[in-house]
Amino acid sequence: MENLSNILGRMGGVYLLPAGLALGAFVLIGAPASWATLTIAGLSMGMMVFLMASGLSLIFGLMDVLNFGHSAFISFGAFVAATVLSLLGGWVGADSVFLNSMALVFALLAAVSFGLAAGWFFESVIIRPVYHDHLRQILITMGALIVSEQIILALWGGTPITVLRPHFLEGAIILGNVSVEIYRLFAFGLGLVAFIGLYLVLNRSRIGLLVRAGVENREMVEALGFRIDRLFIGVFMVGSALAAVGGAMWAGYETLITPALGGEMMIVVFIVVIIGGLGSIKGTLLGAIMVGLTANYVGFLAPKLALASNMILMTIILLWRPNGLRPAVK
Amino acid sequence: MTLLSLNNMKTDIGQYAVLHGVTLDIPEGGVFVLLGRNGAGKTTTLRSIMGLWNPTPGSVTFRGADITGLHTADIARKGIAYVPENMGIFGGLTVEENLILATDKGRFDQPRLKRIYALFPALEQFWTKQAWSLSGGQKQMLAVARAIIEPRALILIDEPTKGLAPSIVAAMAEAFREISQSATILLVEQNFHFAKSIGRDMAVIDDGLVAHAGPMADFAADTELQERLLSLSA
């Protein structure tokens, strides 16, 4: 048993899980075209969830803050981006990739800017007074979430809003018998770029080194002469901005959004962070992909189990690895 | 010449008063050892100097400047390094990353690094290994190396020999002797034999107060005093 574990470890360890999951689904589904479509949809969903969850994982890992208000950034990101796309409706629907792209860039930039500003406000005003007190963190961030949802309701109303997709992201590419939605490919690519960017910053820069060290032992980072409270603000802002971008991408994916979007996604986001292991970007990516693939495969194979699939996945993984698949070293 | 002065330092942790008024002068150079029974307040003294717990009231003066109430990071920047009892190494970072994080400008001073290699050869050997994979002794070496990777005037070290093999303890004593040629070490230690082998001056903390302070040689010669303050038998 130990030998098998060592062999698996050398081959990639827990990183083999998505491949194993995909292989199992291939056998169960039987039809290669359906399997490929579901796999691409799962990967795409996983990357969007990764965008939303990566910030929460870092905030949780580094700052030890239970931020239930994280989903407010997802909701606001979705609504801000939807509003910008609506305002730039002419560009969104134009028969020009350049204008389509500019509309998308402006929408994502608006979501990022909002996420950064809201993150700064949230950390400074709401989180800072309750550091080191988890109960108060839960209460105050839940309260902030409720207030945020009411603000969205007041600004955008309770009626579902249709999100315009840039014209160049509409449609699908046909590869043999497999139909691949362009939007899903784009979402996957954007998530991948965000992961690579985060990975490089965390592993190739001094700031990243500080963040990784801070996740493990904040007190020691301060004893080395660094003001970790300033690092906290930066991480919180970046985490919030990533959530807003994730929300924006999810809005385009769903094409119809309500103020409850953030709250609905929050359950999935927490599952991903717990499965992946707190404070670990690689773990969050792994958890997000597992969740995305599981949701799609189970939705196809056993639709009645679809809603419970991620909870079941989390339970199995926590029974096996109580700290998640790739937790940051503490 | 006095490097660090603790004046009537009182520290509460939660609702418990741990230090009841520690007053102590640490001279520049050499190894100053804080001795005392478990729970006497030795670690709290180091943490209070470092600003990890704030003494109220009381004051801490370093090189003549009042550092009471400063942020821990600002205290560290003034030239005080800290090696906690649990070593405080970052297990997910490599040996190199642990050390480079402690440099002022993100790069090594090569002569200084060579000196560290000479003191702790294992660190060069495991340079690219993640720190969690090191043995207890190697982790302690890394923790001490991190404290001296830049010139620091004062190094606070909390129980560095705890759980270490005798050969590692001997190597650590040798390293501390060399480090104390260029920096002052304030050492908390339970192992009296180790402490007396390297300490120049000492103080005994008992129940949150300084019960005795003076040259280590005098204390080492006074078995009755040792018995009374530390419950050591000759």
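**Salt bridges in chains A and B**

I began with chain A of this predicted model, where I found R165(A), E181(A) and R184(A) linked in a network of salt bridges. I then searched the whole structure, and over all chains the search returned 14 salt bridges.

Still in chain A, I looked up the pair R136(A) and D133(A), whose side chains meet in a salt bridge with an N to O distance of 3.3 Å. I asked myself whether each partner is buried or exposed. R136(A) counts as exposed because its relative accessibility is 53%, over the 50% cut-off, whereas D133(A), with a relative accessible area of 27%, is partly exposed.

Turning to chain B, I noted a salt bridge between K162(B) and E85(B), in which the closest N and O atoms are 2.3 Å apart. K162(B) sits in the loop between β7 (154–158) and α7 (166–179) of chain B, and E85(B) in the loop between β6 (80–83) and α3 (95–101) of chain B, so this pair ties together parts that lie 77 residues apart in sequence. For E85(B) I recorded a relative accessible area of 30%, which makes this residue partly exposed.

My last entry concerns R115(B) and E178(B), which form a salt bridge with their closest N and O atoms 3.2 Å apart. Since R115(B) belongs to helix α4 (residues 110–119) of chain B and E178(B) to helix α7 of chain B, the pair ties together parts that are 63 residues apart in sequence. I looked up the accessibility of both partners as well: R115(B) counts as partly exposed at 24% relative accessibility, and E178(B) counts as partly exposed at 35%.

Terms used. Residues are numbered from 1 along each chain as its sequence is written. Chains are lettered from A and ligands numbered from 1 in the order in which they are written. This is a predicted model: local features need pLDDT of at least 70, side-chain atom pairs count only at pLDDT 80 or more; totals for chains, interfaces and linings use all residues. Side-chain values use heavy atoms; hydrogens and water are left out. A salt bridge is a side-chain nitrogen of Lys or Arg within 4 Å of a carboxyl oxygen of Asp or Glu. Buried means under 20% relative accessible area, exposed over 50%, partly exposed in between (1.4 Å probe, protein chains only). Helices (H or I, at least four residues) and strands (E, at least two) are DSSP runs, numbered from the N terminus.
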